[in-house]
Amino acid sequence: MKLITTTPPSVEPVSLLEVKLHLRLAVDETSATAYNQEDDLLNALIKTAREKVEQYTGRALLTQTKKMYLDRWPDGNSKAIPYPPLQTVTSVKYRPVDSEAYTTFTDYEADIVSVPGRIVLKPNASWPSDVLHPLNPIEIIFTCGYGATSASVPAAIRSAILLIVSDMYENRTDMTDRAVNYSGAINSLLTSFRDWTFII
């Protein structure tokens with residue numbers, strides 16, 4: 001399986017203002033909105049923390065579009081889609097061995113209720129029997145994430161991100177896997193959100 005993010009989130013789960021107030025780099029919201037020479041660093045830490053939480057939980061936090069490539073069709077009648085929650089499946093396409101073009105497959109339904117979400121064959125349907133191309137023969141495009149705004153992200157995850165940003169900011173001269181080896185507080189906030197389907 002190969003995954004590519006084609007449209008990343010347009011916002012982050014926590015704002016620069018929230019981080020400044022959490023780190024006590026400002027005494028109120030007015031001073032928190034003033035330009036700070038460390039703003040670029042803080043923005044980078046926020047993005048890094050979000051990516052680390054997505055990796056740790058196996059979930060997409062904010063709306064984003066991904067392409068998934070498979071080498072073969074599922075053995076059963078469904079295929080789980082990584083990085084829940086699944087919002088929509090845009091397309092399922094495949095490439096026969098004798099073709100350079102993808103063919104659209106439509107005999108499926110998207111299950112966005114299950115976690116992780118799935119594509120499921122329609123009744124009496126089957127996966128295509130064509131011999132598949134050896135290079136990325138099956139392409140699934142989907143949209144995932146809790147929503148398009150930071151308010152869509154569960155509060156516990158947002159709190160964990162603030163703690164991770166704080167840890168990275170305060171220990172930026174000693175960053176040996178600190179964002180991966182979560183402390184007890186961070187771990188307790190994130191454990192219930194881990195989707196073990198795709199976590200190795």
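**Reading a predicted model, feature by feature**

Q: Asn-136 sits in the loop that links E7 and E8. How should the phi value of Asn-136 be read?

A: Note at the outset that this is a predicted model. As a general idea, most residues other than glycine have a negative phi. Asn-136 is not a glycine, yet its phi is positive, at about 45°. With 22% relative accessibility, Asn-136 counts as partly exposed. Another case is Arg-24, a residue other than glycine whose phi is positive and near 60°. Arg-24 belongs to the loop between H1 and helix H2 (29-32), and its relative accessible area of 75% makes it exposed.

Q: Which peptide bonds are cis, with omega near 0°?

A: The general expectation is that most peptide bonds are trans. Here the bond from Pro-84 to Pro-85 is cis, as is the bond from Val-115 to Pro-116. Pro-85 occurs in the loop between E3 and strand E4 (86-94), whereas Pro-116 occurs in the loop between E6 and E7.

Q: Is His-133 buried or exposed, and what does it touch?

A: A residue counts as buried when its relative accessible area is under 20%. His-133, at 12% relative accessibility, is therefore buried. It is located in the loop between strand E7 (118-121) and strand E8 (138-144). Its side chain reaches the backbone nitrogen of Leu-135 at 3.1 Å. Leaving aside residues up to four places away in sequence, His-133 touches Arg-95, Pro-96, Val-97, Ser-99 and Glu-100.

Q: What is the order of the open sheet of three strands?

A: In general, strands of a sheet pair through backbone hydrogen bonds, either parallel or antiparallel. The order in this case is E3-E7-E6, and the pairing is antiparallel. Strand E3 (78-80) and strand E6 (108-111) are the edges, each pairing on one side only. From one strand to the next, the twist averages 20°. Four bridges join E6 and E7, and Ala-110 has Ile-119 in E7 as its bridge partner.

Q: How many of the residues of strand E2 are buried, and how is E2 paired?

A: Of the seven residues of strand E2 (residues 64-70), six are buried, so this strand is largely enclosed by the rest of the structure. Strand E1 (residues 2-7) runs antiparallel to E2, and five bridges join them. The pairing of E2 with E8 is likewise antiparallel and has seven bridges. Lys-67 takes part in both pairings: in E2 it is the bridge partner of Ile-4, and it stands opposite Ile-141 in E8.

Q: How can the span of helix H4 be checked, and what covers its buried residues?

A: An α-helix has 3.6 residues a turn, so residues three or four places apart point the same way. For the span, at 1.5 Å a residue the 16 residues of helix H4 (residues 155-170) should cover 22 Å, and the end C-alpha atoms are 23 Å apart, which agrees. The buried residues of H4 include Ile-157, Ile-161, Ile-164, Val-165 and Met-168. Their cover includes helix H1 (16-22), helix H3 (39-57) and helix H5 (184-190).

Q: What do the elements and contacts of the whole protein look like?

A: The protein has five helices and eight strands, running β-α-α-α-β-β-β-β-β-β-β-α-α from the N terminus on. Its C-alpha trace spans about 65 × 30 × 30 Å along the principal axes. Of the 200 residues, 42% are buried. Among contacts between residues at least 6 apart in sequence, 75% join residues at least 24 apart.

Conventions. Residues are numbered from 1 along each chain as its sequence is written. This is a predicted model: local features need pLDDT of at least 70, side-chain atom pairs count only at pLDDT 80 or more; totals for chains, interfaces and linings use all residues. Side-chain values use heavy atoms; hydrogens and water are left out. Helices (H or I, at least four residues) and strands (E, at least two) are DSSP runs, numbered from the N terminus. The expected span of a helix is 1.5 Å times one less than its number of residues. Buried means under 20% relative accessible area, exposed over 50%, partly exposed in between (1.4 Å probe, protein chains only). Contact means heavy atoms within 4.5 Å. A polar contact is a pair of N or O atoms within 3.5 Å; within protein, one must be able to donate a hydrogen and the other to accept it, and residues adjacent in sequence count only if both atoms are side-chain atoms. Two strands pair if DSSP finds at least two bridges between them. Axes are lines fitted to C-alpha atoms, for helices over the stretch in contact, and angles run from 0 to 180 degrees between N-to-C directions.
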